[in-house]
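User: Could you take a close look at one helix for me, residue by residue, and then follow its surroundings outward into the rest of the chain? Please give the cut-offs as you go.

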Amino acid sequence: MASATESPAIDSVEKLFSMFIDPESEGNDGGVGASAQLFGALEAFIKDPPSPDPDYKYLLTHAKEAVASGKAAVPYFRQQLAYLAVEKQPNRKDKSKKARQLKYHRWMAYGLKTETYPFPKGKPSGPPSTTRIAAIVSPTSCAACGKKGVNMRCPDCNFQDDKFIVKKTVYCNKKCLQDHYKAHQSVCECRRSIYRAAELLHNIFITLEEATFVFPLGEIFQRSGMVYLIDDAWDRAGMTGRYVFTPFPKHLASEELHHALLLWGRSEELSLSLFTLINYLFGPMCKSMEQVLLQPRNVIRPMCQISMDRVLNVCLHKHMALKVSLRSGEDYIIDLTGAQFGWKETLAPFLPWIDLRSSKSDGQIFKPACRSIRTLVQQNVLESFQLEVRSKVLKSVISELHQAMRDNATYKTFNQVIQAPLEDYKRAERNIMELVQQKIYMLVKNEYYQEQYRLWLGRSPCSGPQIAKQRAKDLKDVWMTTKEYDRLRKSGANMSEIWDQRLKAKFGENVPN
């Protein structure tokens, strides 16, 4: 029996949250610091006595998952905690450590918006989420004579666009423009080049994503300002022998959400399948390129994927963009997948963009990356295959572009094409995209809509889908039709048992792994 002088034992849930860095402390770095400390807290929490807290089982389940995942422990646990924070109704009277952390993780889950920070201290600096980058990169002083309050822009690099944003140069009048032409020429040409190349890269990437989509989106809905993606059952894809690549389900999403869903979690493609294409398009105009890994903030439209009882909130996931330093001296960011955050800009001047969009960033030399595990909820087998196919397809696309340049009577290099007069460039751009789209879709359709590239499941459906390959012939007798699968599922049948019986009927006890 404890003596009267002994303090009561702290509840295990409250003890866990007391080991998180407080949101208002100077040591708080946006929720990604003190990983070793938090990992130790999770280990201790698993061993501590049970708690009467209503969220104890949820926290314990994910603490165990986190510790088992090793290096990914802290990011994984924060993802699940953010989901809990969104789902629970905030209690303003609750002053516990748990309540403070839930309030903080709720703020992170909804996009780390500067203007909605929920505590008096520790508010991040920088502009609010509503800031338009295009509006803050337009100077009002004449580049030739310095006169203020002018707005005559250079017509050759004056792109009125919230998606592909380049810096502007303004003058008093035509005379100032003409007098400053030689000084401005290299800057103007580089802006035109980066604008056109970024737009082309974006269009090629979208085409590639649509042609090689693999994920089984089942349901999409919005609730309380959050977009939720619910995965369809992978077992449907495996038990019916769906082809690896499947058309993006446009019927599930509005036009506004189309690109957001298509590009969700795809930022690492910059240093994976897109690496060679990026060097081909941007190499001639750049002094250097860096891949920037960042913690996104000021997210306009938060998005959350729920798959296999795990949650991934896009606001807490690391994001990758490309910083390019042009030969003219200007720096830009290329963010191919910013649509997943509700951001409009794919191209923008680097400093205004990083100030608005990132709470913490780290730049490294742009180089091809070994494939890393993007998330804990995506299918590694399919993503690995998808990456191989994309690299092969883009290699073929670049070869076609080289040949098209050699056959062109006027422009022999891509760099010459993007510097062409507007009418010539638009015609060349249409030809390039027609060639690229035809090449991508023909390659994917002709090579990968074959029996050996259908999906199947081993004896344990929870192991995830596999590619049939040489087993396709034997699996023809095992796969169900989609109508048969849907009918059985709707009737409440145990699909795992049915699938296991079908495998045994075909393979006996020697079911292949």
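Analyst: Six residues of helix α3 are good starting points: Tyr56, Leu59, Leu60, His62, Ala63 and Ala66 are buried, where buried means under 20% relative accessible area, exposed over 50%, and partly exposed in between (1.4 Å probe, protein chains only). This is a predicted model, with local features needing pLDDT of at least 70 and side-chain atom pairs counting only at pLDDT 80 or more, while totals for chains, interfaces and linings use all residues. Residues are numbered from 1 along each chain as its sequence is written, and side-chain values use heavy atoms, with hydrogens and water left out.

The spacing of those residues has a simple background: an α-helix has 3.6 residues a turn, so residues three or four places apart point the same way. Helix α3 itself covers residues 56–68, and its 13 residues reach 18 Å from first C-alpha to last, close to the expected 18 Å; that expectation is 1.5 Å times one less than the number of residues. Helices here are DSSP runs of H or I with at least four residues, strands are runs of E with at least two, and both are numbered from the N terminus. After α3 comes Gly70, with a positive phi near 70°.

What do the buried residues of α3 pack against? Their partners are α1 (12–18), α2 (35–47) and α4 (73–87). His62 gives a good view of this packing. His62 counts as buried because its relative accessibility is 7%. Setting aside neighbours within four places in sequence, His62 is in contact with Tyr76, Phe77, Gln80 and Asp309, contact meaning heavy atoms within 4.5 Å. With Tyr76 there is also a side-chain to side-chain polar contact at 2.7 Å. A polar contact is a pair of N or O atoms within 3.5 Å; within protein, one must be able to donate a hydrogen and the other to accept it, and residues adjacent in sequence count only if both atoms are side-chain atoms.

Leu59 and Phe77 also belong to a core of 21 residues, which includes Leu16 and Phe17 and lies apart from the largest nonpolar core. Such a core is a set of buried Ala, Val, Leu, Ile, Met, Phe, Trp, Tyr and Cys residues joined through side-chain atoms within 4.5 Å.

From α4 the path leads to a sheet. Helix α4 lies across β3, β4, β6 and β7, running at about 85° to β7; axes are lines fitted to C-alpha atoms, for helices over the stretch in contact, with angles from 0 to 180 degrees between N-to-C directions. That sheet is open, has 4 strands in the order β3-β4-β6-β7, and its pairing is mixed. Its edge strands, β3 (217–223) and β7 (310–313), each pair on one side only. From one strand to the next the twist averages 20°. Inside the sheet, β4 (226–231) and β6 (303–307) run parallel over 4 bridges, and Tyr228 has Cys304 of β6 as its bridge partner. Strands pair if DSSP finds at least two bridges between them.

For comparison, the largest nonpolar core has 124 residues, and Ile194, Ile278, Phe282, Val324, Ile334 and Trp353 have the most contacts inside it. Helix α8 (181–211) gives the most to this core, with 13 residues.

Val324 brings us to strand β8 (319–326), where 8 of 8 residues are buried. His319, Ala321, Lys323 and Ser325 point one way from β8, and Met320, Leu322, Val324 and Leu326 the other way. Strand β5 (286–296) joins β8 through 8 antiparallel bridges, while β9 (331–334) pairs with β8 in the antiparallel sense over 4 bridges. Leu322 faces Ile334 in the latter pair. Between β8 and β9 the hairpin has 4 residues, and Gly329 there takes a positive phi near 105°.

To place α3 in the whole: the protein chain comes to 18 helices and 13 strands, and buried residues make up 51% of its 513 residues. Its C-alpha trace spans about 90 × 70 × 35 Å along the principal axes. Among contacts between residues at least 6 apart in sequence, 72% join residues at least 24 apart.
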